[in-house]
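Work through the exercises below with the model open beside you. Try each task before reading its solution.

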Amino acid sequence: MSYGLLKGKRGIIFGALDENSIAWKTAERVHEEGGSFVLTNAPIAMRMGTINQLAEKTGATIIPADATSLEDLEKLVSQSVEILGGKLDFVLHSIGMSVNVRKGRLYTDQKYDWTVKGWDVSAGSFHKVMQVLYKQEAMNEWGSIVALSYMAAQRVFPDYNDMADNKAFLESIARSFGYFFGRDKNVRVNTISQSPTPTTAGKGVKGFDGFISYAEKMSPLGNATALDCANYTISLFSDLTQKVTLQNLFHDGGFSNMGVSDAVLQAFEEQQNK
Ligand SMILES: NC(=O)c1ccc[n+]([C@@H]2O[C@H](COP(=O)([O-])OP(=O)(O)OC[C@H]3O[C@@H](n4cnc5c(N)ncnc54)[C@H](O)[C@@H]3O)[C@@H](O)[C@H]2O)c1
């Protein structure tokens, strides 16, 4: 269903790799709600993914940019404002990657140049994106910037590895930069802490299948899907949430406030009675 919530609004969406990506679903929903946008991803992802199909479907222009490169980001932002015909109202940062996770290095055995790379892609890039937007004065007043996080920023999920630290850093950047963006430009900055979701990045985490079914059993509303996340993001891009800023917003079917659920207890009891 469409409510026209983003009619006339312009933005940039980072991180749509394939149709499972949270950014992909968000782009589809933004389009349905009347928003226009530029799609961007790392140059290498252009070859791996199917972003062209999404661009065709939504009438978006694609501008490749490595989100760790200030030069790429500066071009991306200035070209987007030009192509879209005005300043931006929304930006989605939907980017995450850990080389240690990819290569199966344990948290207790990190290769630190990989740690630094993962940090730069997953968290530093958010600061860079915002600094470029801020300096170019590219955001409209009451615009909205959202990045995606995970609860391993607050609690221990051993196999999430150094991504846990990257997410803690990301959430802190949202608060710190959000202060300046709010004070100086009336722009809000938030992170959404999303349920485990079966995407390329999600499935790359060791033990993901156990992870996602445990969260499903723990959450009174069940896991939030990528489409649910897209819908929540739309609400944060809309004019209905103008005073929400500096927040890390849990979007997880209630998981983050649970201790234990009947479903999880039952699974343990069944195991013990075997
Ligand atoms: N999938 C989950 O379980 C889950 C849960 C909570 C939060 N998140 C977060 O959601 C966001 C989106 O991930 P997703 O699950 O949709 O997976 P995804 O793999 O579809 O998206 C990750 C994106 O990051 C992009 N990327 C990587 N390096 C980049 C770079 N240098 N420059 C620009 N883009 C780069 C990839 O190309 C890809 O499009 C990430 O921040 C992820 O950590 C995911």
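**Exercise 1.** In this predicted model, find in which sense strands S5 and S6 pair, and over how many bridges.

*Solution.* Start with the ranges: S5 covers residues 139-149, and S6 covers residues 188-194. The two strands pair in the parallel sense, over 6 bridges. Next, pick out partners. Ser 144 stands opposite Arg 188 in S6. Val 146 has Asn 190 as its bridge partner in S6. Then look at the connection. S5, helix H7 (residues 163-185) and S6 make a right-handed β-α-β unit.

**Exercise 2.** Find which strand S6 joins through 4 bridges, and which residue there stands opposite Ile 192.

*Solution.* The strand is S7, residues 248-251, and S6 and S7 run parallel. Opposite Ile 192 stands Leu 249 in S7.

**Exercise 3.** Decide how many residues of S6 are buried, and check both of its faces.

*Solution.* A residue counts as buried when 20 or more other C-beta atoms lie within 10 Å of its own. In a regular strand, side chains alternate between the two faces of the sheet. Take one side of S6: Arg 188, Asn 190, Ile 192 and Gln 194 are buried. Take the other: Val 189, Thr 191 and Ser 193 are buried too. That gives 7 of the 7 residues, so S6 is largely enclosed by the rest of the structure.

**Exercise 4.** Do the same for S1, then name its partner strands.

*Solution.* S1 spans residues 10-14. Arg 10, Ile 12 and Phe 14 point one way, Gly 11 and Ile 13 the other way, and all are buried. With 5 of the 5 residues buried, S1 is largely enclosed by the rest of the structure. Now the partners. S2 (residues 36-40) is joined to S1 by 5 bridges and runs parallel to S1. Here Arg 10 stands opposite Ser 36. S4 (residues 88-93) is joined to S1 by 3 bridges, again parallel. Here Ile 12 stands opposite Val 91. S1, H1 and S2 make a right-handed β-α-β unit.

**Exercise 5.** Give the strand order of the sheet, and say which strands stand at its edges.

*Solution.* The order is S3-S2-S1-S4-S5-S6-S7, an open sheet of 7 strands with parallel pairing. S3 (61-62) and S7 stand at the edges. Each has a single partner strand, so one side of each is left without a neighbour in the sheet.

**Exercise 6.** Describe the shell around the ligand: how many residues, from which elements, of what kind?

*Solution.* Count: 27 residues surround the ligand, and the closest are Ser 21, Gly 96, Thr 199, Ala 201 and Gly 202. Elements giving two or more residues to this shell are helix H1 (22-32), S5 and helix H8 (200-203). H8 supplies the largest share, 3 residues. By kind, the shell has 14 nonpolar, 12 polar and 1 charged.

**Exercise 7.** Find the residues with the most contacts inside the largest nonpolar core, then list the contacts of Leu 39.

*Solution.* This core has 57 residues, and those with the most contacts inside it are Ile 13, Ala 16, Ala 27 and Leu 39. Leave aside neighbours within four places in sequence. Leu 39 then contacts Ile 13, Ala 16, Ala 27, Ile 51, Leu 54, Ala 55, Ala 60 and Ile 62. Another core, of 8 residues, lies apart from the largest one; Val 101 and Met 151 are among its members.

Note on methods:
Residues numbered from 1 in each chain as written. Predicted model: local features only at pLDDT ≥ 70, side-chain atom pairs only at ≥ 80, totals over all residues. Buried ≥ 20, exposed ≤ 12 C-beta atoms within 10 Å, placed from the backbone. Pairing = 2+ DSSP bridges. Right-handed = clockwise from strand over helix to strand, strands pointing away. Near = placed C-beta within 6 Å. Nonpolar A, V, L, I, M, F, W, Y, C, P; charged D, E, K, R; others polar. Core = buried A, V, L, I, M, F, W, Y, C linked by C-beta atoms within 7 Å. Contact = placed C-beta atoms within 7 Å.
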